[in-house]
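Dear colleague,

Please find below the structure that I am handing over to you. My notes on it follow directly after.

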Amino acid sequence: MSRRIVVPLVALAVAARVALAQVPTPASHFGFEVGADRKLADWQQLTSYYEGVAKASARVKVDTLGRTTLGAPFIMLTITSPENHARLGELREIQLKLADPRKVSGAAELERLLDQGRTVVLITHSIHATEVGGAQMAARLVHRLASSDDVKVREILDNVILLDIPSLNPDGLQMVAEWYRKWVGTPHEAAPLPKLYHFYTGHDNNRDWYSFAQAETQLTVTKAHNAWHPQIVHDIHQMGGTGARIYAPPYIDPVEPNVDPALISALNQLGAYMAAELTSQGKKGVVINAMYDAWTPARAYQHYHGGVRILTETASARMATPVVVRKDQLRGGLEYEPTRSWKYPAPWEGGEWHLADIVEYQFSGAMALLTNAAKNRRFWLTNFYDINKRASDRWPSWPHAWVLPANQPNPKGLNAVLRILRVGDVEVYQARQGFGAAGRDFPAGSYVIPMNQPYASFAQTLLELQKYPDLREYPGGPPKRPYDVTAHTLPLLMNMEAVPVTESLSVPLSEVIPVPPLEYAAPPALTGRRAPRIALYKSWDEPMPEGWTRWVLDRHGIQYDTLHDADVRAGNLDRRFDVLVFENQSAQEIVSGFSPQAMPEPYAGGLGEAGVAAVREFVEGGGRLIAVEEATDFAIETFKLPVTNAVANLPPRDFYIPGSILRVELDPAHPLASGMPAQTIGWFWGSSRAFALSGGSDSQIRVVGRYGSGNPLLSGWVLGPERVAGKPAILEATVGKGSAVLFGFTPNYRGQTIATWPLFLNAMTVPRRGR
């Protein structure tokens with residue numbers, strides 16, 4: 001009888017090994033090993049590879065979540081054991097109950113869920129397309145998990161449900177692969193891409209995790225994050241090439257105050273575990289607790305949804321071209337030095353660095369993370385549940401509710417905030433009758449956000465004012481630089497009202513409202529046959545704000561053309577356009593562009609003298625030029641305006657505003673302020689300007705808006721507020737028959753500042769000149 005049992009088991013084992021061997025290798029599909037020098041698989045090759053793996057392996061399923069901005073398939077792989085795949089719906093229901101403790105009936109059910117659930121991990125690759133390693137490494141990771149019979153791999157597959165998005169930016173991946181291949185073997189190998197690697201946002205696509213403006217963000221949030229609410233998100237990036245070889249958390253201070261302490265501790269242990277694993281493998285240059293903070297929700301959606309975000313950053317080569325880094329070229333970074341320390345115990349001492357090294361470090365990091373997720377399954381599920389339970393019970397520091405009054409004067413801003421909250425899985429209701437709270441009356445139809453719900457922290461961080469801590473390099477010294485920005489208060493950015501209510505509410509509420517549609521309408525003056533003809537300057541060194549401006553114009557249905565350097569140099573701009581827009585870009589980049597050594601023709605050079613002369617002729621002949629932030633230097637130099645930047649070259653200890661919201665006071669009589677309140681906001685960061693006038697008559701230069709008097713800070717962090725207080729923020733200068741509008745702050749910060757969009761739209765509203 002034992003022989004009858006053993007033979008089938010042996011046969012099954014042999015059959016299983018044969019099946020695993022049928023999984024195609026990346027090299028057999030691409031014709032080269034993942035990480036080979038000067039070789040990049042493009043998105044079409046990668047997606048076809050994943051389809052082939054899914055056909056050969058019962059461990060892998062491929063889903064197309066939707067389409068990217070430019071229409072490419074946006075895919076996600078679900079990787080787990082065949083047994084878990086067979087009950088995937090049941091396991092997802094377990095996960096969603098743990099995500100919302102209100103649905104758990106009691107201790108007995110909770111124990112069953114913790115016993116039967118799986119750790120859900122979401123890994124995302126290469127949102128920044130020139131950080132090529134992550135998307136290439138995904139193929140190696142998928143193959144290992146699909147084909148290996150290793151004990152560690154089986155442990156991962158049994159205990160983890162891996163959701164893998166092999167590229168968060170397929171459009172950019174394809175652009176970069178095609179561009180890189182075109183110039184391999186030439187003097188311009190690994191030259192920078194002459195356009196944004198996301199059609200609208202470039203590098204800023206990783207700053208869209210609370211505004212959800214872009215198609216790729218929307219698909220990831222709604223069909224991965226919200227569909228599963230993973231306990232762990234691993235976001236794979238690359239960084240500069242002259243320091244550590246890979247970074248993992250803990251993050252440096254500060255951590256945003258609405259992130260649960262148990263979540264912080266969990267991500268600290270996971271990041272440190274990954275670092276320990278890589279170091280134990282003999283990998284040099286692993287650093288933790290350096291460079292990157294956890295302040296802004298723009299990069300950390302999961303921190304407000306019960307899970308940890310593990311950011312890894314691996315040193316870059318020149319795309320797929322290897323580099324040599326000498327020891328004397330090595331540098332440290334924010335809060336670490338390139339010498340041995342507790343956070344950097346085995347420094348890298350220089351040498352060759354290849355794409356294969358990047359892939360190896362990233363692969364090892366991902367496997368370490370998955371191993372931790374598998375071995376500590378019960379911890380991750382319990383911690384996840386407890387975090388969401390505390391939120392559902394309401395933190396004592398939170399109000400009982402937020403109320404967004406109905407009938408606000410800016411329905412566009414109100415609708416945008418409601419959309420963000422609902423896409424972010426925050427429950428929002430409408431009051432069925434009027435009620436009193438917070439010392440005032442609210443009409444029926446007002447929106448109520450109870451703060452005893454699982455994702456209340458997401459609402460709290462986006463609706464409250466930010467008070468960024470005053471962190472210094474040493475007492476009285478210069479500021480410690482935050483990794484990104486310090487403010488994200490939606491009511492200010494979007495010009496709407498949100499009221500915290502500290503007492504319990506007793507008012508009948510509707511069901512949870514649906515996600516409102518994102519709808520924008522162009523001002524009538526910017527549509528139709530008599531609308532001004534608008535052109536947006538698009539450098540070959542394209543700045544991200546230019547992409548965001550295109551996004552706003554496209555969302556409003558406003559027609560425009562984009563002009564490259566040769567288009568401007570050709571002259572006769574007045575025959576085709578009434579408005580020229582120069583987004584935030586330095587005068588040097590506008591005029592000179594890339595050097596011929598950096599870029600091939602026709603991408604080298606900028607406007608040059610001919611282009612500057614054409615712009616001058618256009619404005620003096622009656623055109624309108626709009627310049628934003630750094631581009632105002634170009635306008636000032638081109639038209640010899642008696643204007644300077646009052647905060648230029650100030651040392652950071654005296655003046656520093658790293659992405660904050662300031663109060664701005666407008667001249668209500670000026671056409672640019674039409675339809676605006678007397679006070680609005682201004683988004684101020686490193687490229688912003690506070691102007692000083694050094695001459696010229698009031699008829700030549702009019703001040704449209706000034707930064708608020710006293711301390712103009714509304715949200716974020718400001719050192720030296722007196723340096724900008726009362727200074728001009730928006731100017732209109734008469735130049736010949738035309739004019740130049742100078743925005744010292746961006747009226748369109750990452751597609752979020754609905755409050756100041758009207759200023760920009762008004763600036764474009766000029767009479768259309770005769771043909």
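Please bear in mind throughout that this is a predicted model. I begin with a pair of aromatic residues. Trp-683 has a relative accessibility of 0% and therefore counts as buried. Tyr-749 is likewise buried, as its relative accessible area is 1%.

The structure contains 33 aromatic pairs. In one of them, the ring centres of Trp-683 and Tyr-749 are 3.7 Å apart and the planes meet at 15°, under the 30 degrees that set the limit for stacking, so this pair is stacked. The contact links distant parts of the chain, since the two residues are 66 residues apart: Trp-683 belongs to strand 25 (residues 679-684), while Tyr-749 is in the loop between strand 30 (738-743) and helix 22 (757-764).

Other aromatic residues also deserve attention. Phe-30, Phe-32, Tyr-49 and Tyr-50 are joined into a cluster by ring pairs. Two arginines place their charged ends over phenylalanine rings: that of Arg-140 sits over Phe-363, 4.1 Å from the ring centre, and that of Arg-550 sits over Phe-199, 4.7 Å from the ring centre.

Turning to the strands, there is an open sheet of eight strands with mixed pairing, in the order 1-2-4-3-5-10-6-8. Its edges are strand 1 (60-67) and strand 8 (286-288), each of which pairs on one side only. From one strand to the next, the twist averages 20°. Strand 1 runs antiparallel to strand 2 (residues 73-79), and seven bridges join the two. Within this pairing, Gly-66 has Phe-74 of strand 2 as its bridge partner.

Strand 22 (residues 624-628) has a parallel partner in strand 21 (residues 579-582), with four bridges between them, and another in strand 30, with five bridges. Ile-626 of strand 22 stands opposite Val-581, and Leu-625 stands opposite Ala-740 in strand 30. How many of the five residues of strand 22 are buried? Five of the five are, so the strand is largely enclosed by the rest of the structure. The burial holds for both faces: Arg-624, Ile-626 and Val-628 point one way, Leu-625 and Ala-627 point the other way, and all are buried.

Among the helices, I would draw your attention to helix 12 (residues 355-375). Its 21 residues should span 30 Å at 1.5 Å a residue, and the C-alpha atoms at its ends are 30 Å apart, so the expected and modelled spans agree. Helix 12 is mostly covered, with 17 of its 21 residues buried.

Finally, I note Lys-284, which lies in the loop between helix 11 (261-280) and strand 8. Is this residue buried or exposed? Lys-284 is partly exposed, because its relative accessible area of 46% falls between the limits of 20% and 50%. Leaving aside residues up to four places away in sequence, Lys-284 touches Arg-245, Ala-346, Pro-347, Trp-348 and Tyr-361. Of these contacts, the one with Arg-245 joins residues that are 39 residues apart in sequence, with a C-alpha to C-alpha distance of 7.2 Å.

With kind regards

How values were computed
Residues numbered from 1 in each chain as written. Predicted model: local features only at pLDDT ≥ 70, side-chain atom pairs only at ≥ 80, totals over all residues. Heavy atoms only, no water. Phe/Tyr/Trp six-rings, centres within 6.5 Å; stacked < 30°, edge-to-face > 60°. Buried < 20%, exposed > 50% of the residue type's maximum accessible area, 1.4 Å probe, protein only. Lys NZ or Arg CZ within 6 Å of the ring centre and 35° of its normal. Pairing = 2+ DSSP bridges. Axes fitted to C-alpha atoms, helices over the stretch in contact; angles between N-to-C directions. Expected span 1.5 Å × (residues − 1). Contact = heavy atoms within 4.5 Å.
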